[in-house]
Amino acid sequence: YDYQLQCFVETYLQDKANGTFLWVALVCQELQKVSSRKAKPILEKFPAGLEPVYVRMMEQILSQPDAEDIELCSNILRAVMVAVRPLHLSELVFLAELPDHIHENPSSVYDLVSQCGSFLTLREEIVSFIHQSAKDFLSFGRGAGIFPSGQSRYHGAVAHRCRELMLRTLRKDICDLRAPGIVIGEVEPGRVALKDTAPVQYACCYWVNHLLRSCGCDAGLTSPRDREEVQAFFGRAFLHWIEALSLIDKIPEGVIMVMELESVIQVSSHTPRIHYSKNG
């Protein structure tokens with residue numbers, strides 16, 4: 001930038017930022033993408049206030065020429081929005097249901113995340129929101145339109161995919177330890193393969209969380225399909241799930257999940273208790 005352009009940019013940022021550093025940061029990120037000759041017209045398109053900037057970024061995402069990119073970016077934003085915690089890239093691929101040709105090309109995942117405007121930040125392969133205000137915009141603001149059927153239905157779909165992943169992946173003695181009573185601290189780190197499978201670990205730890213958010217903790221599992229699928233999952237893979245939780249040192253969390261599930265299933269069906277199969 002020459003001196004005149006520097007002065008213009010500085011004055012514009014000071015006048016429009018309203019003391020919000022994040023607004024300045026978002027605008028500067030956009031300026032980095034264009035040449036100096038386009039800086040002034042681009043800058044003048046940015047309105048004051050964070051929400052108008054988020055609206056503009058969402059419009060840019062939804063106006064991309066490639067319809068597939070629009071859908072993939074929307075899937076990524078939905079996945080990060082409902083995730084219990086920031087996601088590793090491999091977990092993002094799973095939650096966002098990105099196609100295999102994307103999954104097999106890490107640079108494509110990076111590109112898609114970068115196409116999600118400045119809603120997201122990527123550090124050391126961990127994807128999260130740039131700021132709580134961005135998450136609020138997608139949850140309660142005008143950006144909530146990325147969930148046309150509501151967040152609860154999306155949570156239910158994630159819970160279902162988590163159960164399906166666990167049913168396909170978990171098995172008896174999944175790490176081939178051949179020593180049922182071994183203390184986990186005595187196992188060589190390289191033998192606990194589950195720790196290297198981030199989506200499976202996420203599914204084991206948070207599928208109940210997504211299930212409860214899909215129906216509301218106080219309402220119980222109102223869907224007969226949900227109740228049947230949970231019962232079927234416990235009948236087929238309860239012990240495998242508990243073993244996986246023990247390998248990633250999450251047994252206390254597993255106890256809480258079982259208690260929460262037992263409570264909501266009793267509320268909705270008025271049956272005494274969850275029954276577990278002995279054939280784990």
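**Group meeting: helix packing and two unusual loop residues in a predicted model**

Let me begin with the surface: the accessible surface of the protein chain comes to about 15100 Å², and 52% of that area belongs to carbon and sulfur atoms. I should say at once that this is a predicted model, so please hear every value in that light. Of the 280 residues in the protein chain, 44% are buried, and the secondary structure comes to 13 helices and three strands. If we take the contacts between residues at least 6 apart in sequence, 67% of them join residues at least 24 apart.

Now to a pair of helices. In general, two packed helices are described by the angle between their axes and the distance between the axes. Here I have in mind helix α2, residues 21-31, and helix α4, residues 50-62, whose axes come within 10 Å and cross at roughly 30°. Because angles under 35 degrees count as roughly parallel, α2 is roughly parallel to α4. The crossing of these two helices is left-handed. On the α2 side the contact is made by Leu 22, Trp 23, Leu 26 and Glu 30, and on the α4 side by Leu 50, Val 53, Tyr 54 and Gln 60. Sorted by class, the contact of α2 with α4 has six nonpolar residues, one polar and one charged.

Which residues does Leu 26 contact, once its neighbours within four places in sequence are left aside? They are Leu 50, Val 53, Tyr 54, Ser 118 and Ile 130. Leu 26, which lies in helix α2, has a relative accessible area of 1%, and it therefore counts as buried. The C-alpha atoms of Leu 26 and Phe 46 are separated by 9.8 Å, with their positions 20 residues apart along the chain taken as the sequence separation.

Helix α9, residues 132-139, brings us back to the same two helices from another side of the description. Its buried residues are Ser 133, Ala 134, Phe 137, Leu 138 and Ser 139, and the buried residues of α9 pack against α2 and α4, as well as α5 (67-82), β3 (126-129) and α10 (151-169).

A further buried position is Ala 203, placed in helix α11, residues 198-215. Its relative accessibility is 0%, so Ala 203 counts as buried. Leaving aside neighbours within four places in sequence, Ala 203 is in contact with Cys 162, Leu 165 and Met 166. Ala 203 and Glu 91 are 112 residues apart in sequence, while their C-alpha atoms are 9.3 Å apart in space.

Let me finish with backbone angles. Most residues other than glycine have a negative phi. Where, then, does Glu 97 lie? Its place is in the loop between α6 (89-95) and α7 (100-103), and although Glu 97 is not a glycine, its phi is positive, at about 55°. With a relative accessible area of 53%, Glu 97 is exposed.

The other case is Glu 124, in the loop between β2 (120-123) and β3. The phi of Glu 124 is near 50°, again a positive value in a residue other than glycine. Is Glu 124 buried or exposed? At 80% relative accessibility, Glu 124 counts as exposed.

Key: Residues are numbered from 1 along each chain as its sequence is written. This is a predicted model: local features need pLDDT of at least 70, side-chain atom pairs count only at pLDDT 80 or more; totals for chains, interfaces and linings use all residues. Side-chain values use heavy atoms; hydrogens and water are left out. Axes are lines fitted to C-alpha atoms, for helices over the stretch in contact, and angles run from 0 to 180 degrees between N-to-C directions. Helices (H or I, at least four residues) and strands (E, at least two) are DSSP runs, numbered from the N terminus. Angles under 35 degrees count as roughly parallel, over 145 as roughly antiparallel, 65 to 115 as roughly perpendicular and the rest as oblique. A crossing is left-handed if the near helix is turned anticlockwise from the far one by less than a right angle, and right-handed if clockwise. Contact means heavy atoms within 4.5 Å. Ala, Val, Leu, Ile, Met, Phe, Trp, Tyr, Cys and Pro count as nonpolar, Asp, Glu, Lys and Arg as charged, and the others, Gly among them, as polar. Buried means under 20% relative accessible area, exposed over 50%, partly exposed in between (1.4 Å probe, protein chains only). Accessible areas come from the Shrake-Rupley method with a 1.4 Å probe; for residues, only the protein chains shown count as cover.
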